[in-house]
Amino acid sequence: MKQEQSLRIISLLPSATEILAALNLTSAMVGRSHECDYPPEIIDLPICTGAKLSTNQSSAEIDTEVQKLLQTALSIYEINIEVIKQLKPTHIVTQDQCDVCAVTFADVTKAVATLAEPQPEIISLQPHTLADVWGDITRVGTKLGIDPQPTLSKIQQRVEEYQQHSQRLLAKPRVATLEWLDPLMGSGNWIPELVELAGGEDIFGTKGKPSVYLSWQDLLTADPDVIIVMCCGFDLQRTKAEITAIMDINPNWQKLRAVNSDRLYITDGNAYFNRPGPRLVESIEILAEILHPDWFKLKHREIAWKRLN
């Protein structure tokens with residue numbers, strides 16, 4: 001208890017906030033990023049970051065602006081150092097995986113260097129696979145004096161249950177998971193593992209490798225059985241609006257087997273698939289509901305996913 005009371009943690013990453021919550025450390029948090037929105041009890045915490053681009057644009061416009069910022073070596077996000085100074089954190093949890101996902105590790109390091117002594121310890125996460133995510137939970141817990149094993153045991157028990165179900169399946173649908181719509185981008189990193197655990201075969205993603213841009217010919221040639229859209233940063237409502245607008249002007253969609261057989265699905269990619277934290281287990285459940293509805297109860301339908309028809 002004394003250890004927890006002495007902690008003053010700022011999370012600059014939604015998945016890190018969810019890891020802290022799983023470790024029962026939300027009471028030790030004093031600040032968050034502008035994108036941290038779960039669990040609800042952290043919403044009123046001071047916000048320490050902001051975005052330099054507007055997300056109220058189309059997929060194509062967002063991608064163009066992101067690429068321009070990256071090509072000019074400018075950060076997509078900014079840190080409010082004055083807020084951080086006032087909060088006097090003992091620890092800052094951030095990431096060193098994706099410059100598009102959150103503030104960069106370099107920016108955090110630069111900001112911390114301006115703080116008075118004692119400077120907070122930076123805990124940087126860099127997950128690419130499910131094993132990396134579970135390792136991050138272990139590392140965060142260990143760094144902050146919390147035993148991570150009870151949390152990990154619950155997670156791993158649920159993962160093993162889906163793994164056993166998947167191994168009993170005789171047929172696994174060929175699945176295209178799309179992280180972005182314009183331009184098309186196939187999901188990578190831990191997503192192929194989630195698909196496999198849920199009883200599917202991810203045809204574009206490679207475990208532990210970054211997401212990849214796809215051409216329309218790639219998608220048409222592969223002609224997957226199932227297409228699951230999990231746009232990074234978009235919730236279910238935003239994803240539906242985006243794909244509906246794109247399908248209205250792109251006739252290629254109607255050439256796909258998944259579309260013609262009503263096996264095109266949209267999901268809340270922001271809350272689940274694109275956050276490498278504890279709710280990746282729920283992401284497996286969502287995929288299993290989509291791919292094998294006869295096997296799994298539809299607990300998340302209409303909340304985190306729906307069929308687009």
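Me: Where is P39 found in this predicted model?
Reply: Start from the residue before P39: a cis peptide bond joins Y38 and P39, with omega at about 0°. As for its place, P39 is found in the loop between β2 and β3 (49-51).

Me: A cis peptide bond also joins E117 and which residue?
Reply: Most peptide bonds are trans, so a cis one deserves a look. Here omega is about -5°. The partner of E117 sits in the loop between α5 (105-112) and β6. The residue joined to E117 is P118.

Me: Y38 is touched by a residue of helix α2; which one?
Reply: Leaving out residues up to four places away in sequence, the residue in question touches Y38, A271, R275, P278 and R279. It lies in helix α2. The name to remember is E18.

Me: Why does E18 count as buried?
Reply: A residue is called buried when its relative accessible area is under 20%. E18 falls below that cut-off, so E18 is buried, and its relative accessible area is 5%.

Me: How many residues of helix α2 are buried?
Reply: Helix α2 spans residues 14-22 and is mostly covered. What covers its buried residues includes β1 (9-11), β2 (29-32), β5 (91-95), β6 (121-125) and α6. Among the buried residues are P14, A16, E18 and L20. Out of nine residues in α2, the number buried is seven.

Me: Which residue just after α2 takes a positive phi?
Reply: Most residues other than glycine have a negative phi, so a positive one stands out. Just after α2, phi is about 60° at N24.

Me: Is K88 buried or exposed?
Reply: K88 has its place in the loop between α4 (81-87) and β5. Its phi is near 50°, a positive value in a residue other than glycine. A residue counts as exposed when its relative accessible area is over 50%. K88 has 64%, so K88 is exposed.

Me: How far apart in space are K88 and I10?
Reply: Along the sequence, K88 and I10 are 78 residues apart. In space, from C-alpha to C-alpha, the distance is 9.3 Å.

Me: Is N189 buried or exposed?
Reply: N189 is found in the loop between β8 (184-186) and α8 (191-197). Phi of N189 is near 55°, a positive value in a residue other than glycine. Its relative accessibility is 11%, and the cut-off for buried is under 20%, so N189 counts as buried.

Me: What distance separates the C-alpha atoms of G50 and N270?
Reply: G50 has its place in strand β3, and at 15% relative accessibility G50 counts as buried. G50 and N270 are 220 residues apart along the chain. Their C-alpha atoms are separated by 17 Å.

Me: Are helices α6 and α7 roughly parallel or antiparallel?
Reply: Helix α6 (residues 130-143) and helix α7 (residues 149-168) pack at an angle of about 165°, with their axes 10 Å apart. An angle over 145 degrees counts as roughly antiparallel. That is why α6 and α7 are roughly antiparallel.

Me: How many charged residues does the contact of α6 with α7 have?
Reply: From α6 come W134, I137 and T138, while α7 brings T151, L152, I155, Q156 and V159. By class, five are nonpolar and three are polar. The number of charged residues is therefore none, or in the words of the class list, no charged residues.

Me: Is the crossing of α7 and α12 left-handed or right-handed?
Reply: α7 and α12 pack at an angle of about 20°, with their axes 10 Å apart. Angles under 35 degrees count as roughly parallel, so α7 is roughly parallel to α12. The crossing of these two helices is left-handed.

Me: How many residues of helix α12 are buried?
Reply: Helix α12 covers residues 280-291 and reaches 16 Å from its first C-alpha to its last, close to the 16 Å expected. Its contact with α7 includes V281, I284, E285 and A288, and these four names also appear among the buried residues of α12. Of the 12 residues in α12, the number buried is 11.

Note on methods: Residues numbered from 1 in each chain as written. Predicted model: local features only at pLDDT ≥ 70, side-chain atom pairs only at ≥ 80, totals over all residues. Heavy atoms only, no water. Axes fitted to C-alpha atoms, helices over the stretch in contact; angles between N-to-C directions. Parallel < 35°, antiparallel > 145°, perpendicular 65-115°, else oblique. Contact = heavy atoms within 4.5 Å. Expected span 1.5 Å × (residues − 1). Buried < 20%, exposed > 50% of the residue type's maximum accessible area, 1.4 Å probe, protein only. Left-handed = near helix turned anticlockwise from the far one by under 90°.
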